[in-house]
Each structure stands twice: as C-alpha cells, then as structure tokens.
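I opened the notebook with a plain plan. I wanted the overall build, then the pocket, then the core, then a handful of single residues.

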Amino acid sequence: MRALIPTGDPRTLTEPGEVDAPAPRPDEALIKVTDFSLNRADFLLLNSPSSTYRPGIDAAGVVEEAASDGSGPAAGSRVVLHLPGGGAGAEYVAAAADRLAAIPDGVDSATASTLPLAGLVARRMLALAGPLQGRRILATGVGGGVGQLLIQLAVAEGAKITAVAADGQPTAHMAALGAEIALDIETVGGEPFDLVLESVGGELGSKAAYALRPGGQYVWFGQASGDPISLDFFRLLQGGTSLTLRHFVYSDGDGSRDAQDMAALLALASGGRLQVEIGHRGDFSSAGPILKEMSAGRLRGKAVVSIG
C-alpha cells in the first residue's frame, strides 16, 4: 500500500512509497484513511538522516474491518484516530478502540483529521490549569494548530487571553478567535497574569514568567526557538513573584482517555463551537514541502493531506 516514508534527506524529509499493509490485532480495527493532518512533531521526528519514523499522527477514515474482539466502531463507520507513534500517513492503518472516535455527521473528514493532537494538547493543558472563568492568560507560540484551539477553548470558558506574536507573524486569525494581541512582551499592560502558557523558550519564554502575579502558574509545553528558558531567582524575589512551574506533556498516562477527549472535541466542532482553519490541502507529494513551511512558521492553520 502507499504510505509516506522517510527519505533521510533534510531537503525532502518524506516521500510516497510502498509498505506492507497492517495486520490488525484482535482489538484493532482496520481503517481506510481518507485524510490525515501533519503536525510539527512530524517534522521534528523526520528531521534526522537516520530517522525511520513514518509521518502521520492524526487521521480520519472509514472502518474497513471492525475489531474481531467486538470492541470499537462497526464496519462502515467514519472515525478519527490518533497514533502517537506515527504511521497514519498511509492508505490503511490499524487502531485500537481507545484511539478512535466516531465522526458526527456535521463534521467533514478533513476537519476531523486536524483535531486529535492539537485538540488533546489544548484541552488537557487548560484542564490542568483549573477553572478559567475571569482568569488572565498570557500565551506564546499560539499562532498554529494548537493555538487556534487553545484560544477558542479558553475564551469559551470565560478567560481573557493575550497572545504574544513574533514580528511579522499573522495575527488577524488569533484576534478573530478572541485573543488580545501583543507584539512585544515588554509592552503588555494591565494586571499581572494568572497563567502563562509558554512554548517558545529563549528570551521570550523567560520574560513571560515576570508577567505573572504572585502565586501564578507557568505551564511550559514547548521550546520552538530551540533555546531554553532562564529564570532569575533574584528578579522574581524583588518583584514579589512566586510561581508554580509545570512541564506539560499531553500524553502523560496510557492513552485510555484519547477516545473520550476526541469525542468531546468533535462534539464542539459539530455544534459550531470549535473551528479549525486549514491552511493547506494537498496529496501525498505535498507533504515534504509543507512540513518545511510549517517548521519555518509560514503556514497559518493546519495542513491536511487527502488520499484519493
């Protein structure tokens, strides 16, 4: 069957190739993939000459064969799936029931394929932060797929969120979703923030900590700049700021909640309360080039590859 495979060449990253079709276990369904989305994690895992990673963490399709043990959706069901280990960029995949969720009639397959990773990160990170009504949030690096869902979920729960954008970065879509935009963290005004959601690192990530109120939460979920954060104890002390620092990893646990959380995200999308901007639609051959665009921050929204 056709699938995306690694090239070992950083100029191309991945290309269509032929691989063996999956042989499902008794607890797995065989899914015919119609659409899969690409994530920054795909780029990071492919960007090595020795990589054996096959891209595709999130996909949507139709159950070709239901799991033989009777678990999960029936044959013919439209489903979305989440495979943290990759491999969903293929004509067929095998997935267990706890990695699958039925797609409601009001959600198209391309949109459904964009929800799992980005949605699970956004939903679980906000749940970790606790009740959001009336809280002030400062977020960095939220111009992409995770960010657009995070902003919507936070605003829907009554939070006020300020997104710090890089110079030249598109911001209209973040503002349209309800975020206030700051082009320079030094100029962020108003009361100190209750919560910082940080995914850039470096100087920006470090300065974000000093915008917290005493006792605020700092949730660290990425390092897109490649540079680590650096916190100055004495500066925090002089500002009277204490904080809780939490390194967030969305996949903590055994994955048994994935189906439940994906179903909740799909219900919000079906009801029009969660929208996804798709910035790229293409076929297998478009995957390598668009991953490079994503890594450089030049793609607004999500990238979807459809399988004809």
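Before listing what surrounds the pocket, I fixed my terms: helices (H or I, at least four residues) and strands (E, at least two) are DSSP runs, numbered from the N terminus. The model is a predicted one.

**Entry 1. Pocket.**
I looked up which elements each give at least two residues to the lining of the largest pocket. They are α1 (40-46), α3, α4 (145-156), α9 (287-295) and β15 (302-306). The pocket's volume comes to about 1300 Å³. I counted 46 lining residues. Nearest the centre are Arg 40, Gly 141, Gly 144, Ser 199 and Ala 224. I then sorted the lining by class: 23 nonpolar, 18 polar and five charged residues.

**Entry 2. Whole chain.**
I noted nine helices and 15 strands in the chain. The C-alpha trace spans about 60 × 40 × 35 Å along its principal axes. Why call the chain a compact globule? For 308 residues, such a globule would have a radius of gyration near 19 Å, and the chain has 20 Å, which agrees. Of the 308 residues, 49% count as buried. I also checked contacts with a separation of 6 or more: 68% of them are between residues 24 or more positions apart.

**Entry 3. Cores.**
The largest nonpolar core holds 76 residues. Which members touch the most others? Phe 36, Leu 38 and Leu 197 do. Helix α3 (residues 116-129) gives the largest share of this core, eight residues. Another core lies apart from it, with 11 residues. Val 164, Val 196, Tyr 218 and Ile 229 are among them.

I followed Leu 38 further. Leaving out residues up to four places away in sequence, Leu 38 touches Ala 287, Ile 290, Leu 291, Met 294, Lys 302, Ala 303 and Val 305. I set this beside the pocket list, where α9 (287-295) and β15 (302-306) each supply at least two lining residues.

**Entry 4. Leu 13.**
I found Leu 13 in the loop between β1 (2-6) and β2 (14-18). Phi of Leu 13 is near 70°, a positive value in a residue other than glycine. Is Leu 13 buried or exposed? Leu 13 has a relative accessible area of 0%, so it is buried.

**Entry 5. Ala 110.**
Ala 110 sits in helix α2 (residues 109-113). Its relative accessibility is 7%, so Ala 110 counts as buried. I listed its contacts beyond four places in sequence: Asp 35, Ile 278, Arg 281 and Val 304. I also took the C-alpha separation from Ala 110 to Ser 306, which is 7.6 Å. Those two residues are 196 residues apart along the chain.

**Entry 6. Asp 261.**
Next I turned to a charged residue. Asp 261 lies in helix α8 (residues 258-270). Buried or exposed, for Asp 261? Asp 261 is at 5% relative accessibility, and the cut-off for buried is under 20%. Therefore Asp 261 counts as buried. Setting aside neighbours within four places, Asp 261 is in contact with Leu 120, Arg 123 and Arg 124. The C-alpha atoms of Asp 261 and Ala 139 are separated by 22 Å, with their positions 122 residues apart along the chain.

**Entry 7. Val 93.**
Val 93 is in strand β6 (residues 92-96). Val 93 is buried, at 4% relative accessible area. What does Val 93 touch, not counting residues up to four places away? I found Pro 22, Ala 29, Leu 30, Ile 31, Val 33, Leu 81, Leu 83, Gly 87 and Ala 88. Val 93 and Arg 136 are 43 residues apart along the chain, and their C-alpha atoms are separated by 42 Å.

**Entry 8. Thr 140.**
My last stop was strand β8 (residues 136-140), where Thr 140 is found. Thr 140 is buried, with a relative accessible area of 0%. Beyond its neighbours within four places, Thr 140 is in contact with Val 164, Leu 197, Glu 198, Ser 199, Val 200, Leu 204 and Phe 221. Two of these names had come up earlier: Leu 197 in the largest core, and Ser 199 in the pocket lining. From Thr 140 to Trp 220 I read 10.0 Å, C-alpha to C-alpha. The two are 80 residues apart in sequence.

How values were computed. Residues are numbered from 1 along each chain as its sequence is written. This is a predicted model: local features need pLDDT of at least 70, side-chain atom pairs count only at pLDDT 80 or more; totals for chains, interfaces and linings use all residues. Side-chain values use heavy atoms; hydrogens and water are left out. A nonpolar core is a set of buried Ala, Val, Leu, Ile, Met, Phe, Trp, Tyr and Cys residues joined through side-chain atoms within 4.5 Å. Buried means under 20% relative accessible area, exposed over 50%, partly exposed in between (1.4 Å probe, protein chains only). Contact means heavy atoms within 4.5 Å. On a 1 Å grid over the protein atoms alone, a cavity is a set of points where a 1.4 Å probe fits but cannot get out, and a pocket is an open set with protein on both sides within 12 Å along at least five of seven lines; lining residues have an atom within 4 Å of a point. Grid points are joined across faces, edges and corners, and a volume is the space filled by probe spheres set on the points. Ala, Val, Leu, Ile, Met, Phe, Trp, Tyr, Cys and Pro count as nonpolar, Asp, Glu, Lys and Arg as charged, and the others, Gly among them, as polar. The radius of gyration is taken over C-alpha atoms; the globule rule is 2.2 Å times the number of residues to the power 0.38.
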